[in-house]
Every structure is written in C-alpha cells, then in structure tokens.
Amino acid sequence: MANSLLVIERLLRDRDGIWNQINEERDLKQLTGQMLVSSALSLALYGAVLGFSNGAIQAAASFVKLPLLFLATLAICLPTLYLFNLVFGAKLSVLQALTLIMVTITVTAVLTLAFAPISLFFLITAQSYAFFKLLNVGILMLTAMVGLRFLTAGMRALNEHQEAKALAAKRAAQKPVIAAPAEPAVDASDKNGAVLTAPAPVKTQVQIPDFGSRPPAAPDGSTSMTLLYIWILLFGFVGTQLAWTLRPFFGSPGKDFQLFRSIGGTFYADVFDTIGRLLGG
C-alpha cells in the first residue's frame with residue numbers, strides 16, 4: 001500500500017526511468033497495480049468532496065462513481081489505442097499501452113486530490129452551487145491536460161526507442177565485406193635466364209547482399225503521434241459523455257438524492273447553461 005501511494009513521486013521525479021521500464025516491459029504488472037490503487041483512492045476521496053455539496057449519501061455515491069468514471073473510460077478506449085499503434089508499426093503490447101494510460105490517470109488523479117482543500121474552501125465559503133460545479137469541472141480539465149502531457153511524452157519516448165532498435169537491427173543485418181583471397185605471385189624466366197616475378201593479383205572485396213531477411217521497419221513516429229492526438233480527443237469525448245451518464249456527482253441543492261438521472265441533454269450543453277446562470281445571477 002505504501003508503494004502504491006508513493007508511486008506518484010516516482011512518476012514526477014523519474015520519468016525517464018518509467019519510460020525505460022515500459023520499454024523493457026519490466027515489472028509492468030506491479031507498476032500498473034500500484035498506479036491503480038493510487039489513482040482509485042485519490043479519485044474516490046475527491047469524489048467524496050464533490051458529493052458533500054449535497055450531503056453524506058451523495059458523497060458516498062461520488063466516492064464510488066468518480067473512480068468508476070475514469071476506469072470505465074480506460075476500458076472503452078484502450079483497444080482503440082492498442083490497434084492504432086499496431087496498424088502504424090509502434091508494436092506496443094497491451095500491457096505497455098495499459099501502463100501508459102495508467103500513468104496519465106494516476107497523475108491526473110493525484111493532482112486532482114491536491115486541489116481538494118481548495119474545493120472544500122469554496123464549498124464552505126462561496127455557497128453557490130453553479131460556481132462550485134464550474135470550479136471543479138475546471139480543476140478536472142486542468143489536471144487531465146497535465147496527465148495527458150505525460151501520455152504524449154511517454155509515447156514519444158517509446159517511439160524513439162523503437163526507431164533506435166529498428167536502426168540497430170538494420171545495421172546488424174548488413175553482411176560484412178569479405179575479401180577474396182589473392183593468388184600467389186607467379187615466377188618465370190626470360191630467354192637470358194633471369195627470373196621474373198609476375199605481380200600478385202589485386203585483392204578484391206565482395207559485398208554479399210542479404211536477400212533472405214530484412215530488418216524490422218521503424219515505426220512512423222509522426223503518424224503515431226498524430227493518431228495519439230486523435231485518440232486523446234476520442235478519450236475526452238467518451239469521458240465527458242460517460243460522466244454525463246453517471247451523473248450526478250454533485251447533487252442539485254434542494255433535490256432528493258438520486259444515484260443516477262435519466263439520460264438527456266449533453267455534458268457541454270449543461271456546462272454552458274451553468275455558465276449562463278452564474279453570469280446572469
């Protein structure tokens with residue numbers, strides 16, 4: 001448990017070490033398990049803070065639903081990231097792709113928890129449901145952007161590693177230059193009996209091409225990163241729509257507790273409506 005709680009310190013201090021561990025696929029199950037515990041606990045505690053705006057029951061529900069939101073989004077979007085990378089030659093394993101996304105979620109979750117005292121402060125002092133909701137949506141968006149920067153940095157490091165590996169394999173596949181054996185010098189005598197030595201033939205070098213095998217092609221890093229940015233947009237849309245489906249996380253003041261609400265409208269329409277009500281007083 002202690003290692004799980006301290007894994008965020010390693011993610012922030014030793015990023016290159018994390019990328020190398022993912023590249024080499026060393027103890028990824030253990031690392032992923034530690035990040036899962038750390039992120040789930042951080043998100044659960046922050047979810048409880050969100051729910052306290054409408055009482056203890058809503059806090060208990062949000063304690064469960066906020067970690068569920070992130071992990072369900074991961075489960076929905078992980079196959080897409082894995083297949084994108086296979087199609088364009090990145091050759092990440094499922095466990096490597098899972099670990100990369102868990103790095104993103106863990107950074108997001110722990111940074112979000114760091115904002116919990118600020119959220120509680122405004123919950124107590126502001127007494128405005130619309131402001132409190134927008135504040136926490138903004139916090140989650142900010143921390144998600146920081147977490148996604150870790151994802152892009154990790155993917156870039158993996159691409160560079162695979163490109164270097166492919167280049168090394170290409171060099172190793174080239175056959176060495178083989179020198180053809182030189183024939184010995186030939187002695188002969190002219191008509192006066194003098195011994196003449198014919199010059200030895202010049203050594204020739206033969207390059208033997210290898211038609212039987214080819215080194216693995218290096219992944220197209222620029223294409224892979226472009227697809228990653230597309231995947232990040234997809235991840236964001238899935239996450240926000242799933243959050244709308246799992247609502248309420250805050251609970252509207254003056255209304256009875258509801259575990260889930262009927263599906264209607266969109267997350268973005270509700271955000272703009274809240275902004276309008278906040279500005280309109």
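Helices here are DSSP runs of H or I at least four residues long, and strands are E runs of at least two, both numbered from the N terminus.

**Figure 1. The whole chain, before we zoom in, has 9 helices and 4 strands.** Keep in mind that this is a predicted model. Read from the N terminus, the elements go α-α-α-α-α-α-α-β-β-β-β-α-α. The protein chain has 281 residues, and 38% of them count as buried.

**Figure 2. Phe132 meets Phe250 edge-to-face.** Searching the whole structure turns up 6 aromatic pairs, and this is one of them: the Phe132 and Phe250 rings sit 5.9 Å apart, centre to centre, with 85° between their planes. Phe132 belongs to helix α7 (residues 129-173), while Phe250 is in the loop between α8 (221-246) and α9 (267-279), so the contact ties together parts that are 118 residues apart in sequence. Buried or exposed, these two? Both Phe132 and Phe250 are buried.

**Figure 3. Phe237 and Tyr268 link α8 to α9.** Here is another edge-to-face pair, with 6.2 Å between the ring centres and 70° between the planes. Phe237 comes from helix α8 and Tyr268 from helix α9, so this pair ties together parts 31 residues apart in sequence. Phe237 has 53% relative accessibility, and since the cut-off for exposed is over 50%, it counts as exposed. Tyr268, at 36%, is partly exposed.

**Figure 4. Three phenylalanines make one aromatic cluster.** Look for Phe121, Phe122 and Phe131, which form the cluster together.

**Figure 5. Two charged side chains sit over aromatic rings.** In one case, the charged end of Lys65 is over the ring of Phe249, 5.4 Å from the ring centre. In the other, Arg247 puts its charged end over the Trp244 ring, 3.8 Å from the centre.

**Figure 6. Arg247 also leads into a cis peptide bond.** Most peptide bonds are trans. The one from Arg247 to Pro248 is cis, with omega near 5°. Where is Pro248? Pro248 is in the loop between α8 and α9.

**Figure 7. Glu25 and Gln127 both have a positive phi.** Most residues other than glycine have a negative phi. Glu25 has a phi near 55° and lies in the loop between α2 (15-24) and α3 (28-51). Its relative accessible area is 44%, which makes Glu25 partly exposed. For Gln127, phi is about 55°, again in a residue that is not a glycine. Gln127 is in the loop between α6 (116-125) and α7, and with a relative accessible area of 65% it is exposed.

**Figure 8. Gln162 of helix α7 lies 9.6 Å from Leu92, C-alpha to C-alpha.** Along the chain, Gln162 and Leu92 are 70 residues apart. Is Gln162 buried or exposed? At 15% relative accessibility, under the 20% cut-off, Gln162 counts as buried.

**Figure 9. Helix α5 spans what its residue count predicts.** With 21 residues (94-114) at 1.5 Å a residue, α5 should span 30 Å, and its end C-alpha atoms are indeed 30 Å apart. The helix is mostly covered, with 15 of its 21 residues buried.

**Figure 10. The stretches that UniProt lists as "transmembrane region".** The unreviewed UniProt entry gives residues 36-57, 69-88, 100-124, 130-151 and 227-246 under that heading; such annotations may be inferred rather than shown by experiment. What does the model show for residues 130-151? That span is 100% helix and 0% strand, and its end C-alpha atoms lie 32 Å apart. Residues 227-246 are likewise 100% helix and 0% strand, with 28 Å between the end C-alpha atoms.

**Figure 11. The largest pocket holds about 1200 Å³ of space.** It is lined by 41 residues, and Val137, Gly239, Thr240, Ala243 and Phe267 are the closest to its centre. Which elements give two or more residues to the lining? They are α4 (56-87), α5, α7, α8 and α9.

Note on methods. Residues are numbered from 1 along each chain as its sequence is written. This is a predicted model: local features need pLDDT of at least 70, side-chain atom pairs count only at pLDDT 80 or more; totals for chains, interfaces and linings use all residues. Side-chain values use heavy atoms; hydrogens and water are left out. Rings of Phe, Tyr and Trp (its six-membered ring) pair if their centres lie within 6.5 Å; planes under 30 degrees apart count as stacked, over 60 as edge-to-face and the rest as tilted. Buried means under 20% relative accessible area, exposed over 50%, partly exposed in between (1.4 Å probe, protein chains only). A charge sits over a ring if NZ of Lys or CZ of Arg is within 6 Å of the ring centre and within 35 degrees of the ring normal. The expected span of a helix is 1.5 Å times one less than its number of residues. On a 1 Å grid over the protein atoms alone, a cavity is a set of points where a 1.4 Å probe fits but cannot get out, and a pocket is an open set with protein on both sides within 12 Å along at least five of seven lines; lining residues have an atom within 4 Å of a point. Grid points are joined across faces, edges and corners, and a volume is the space filled by probe spheres set on the points.
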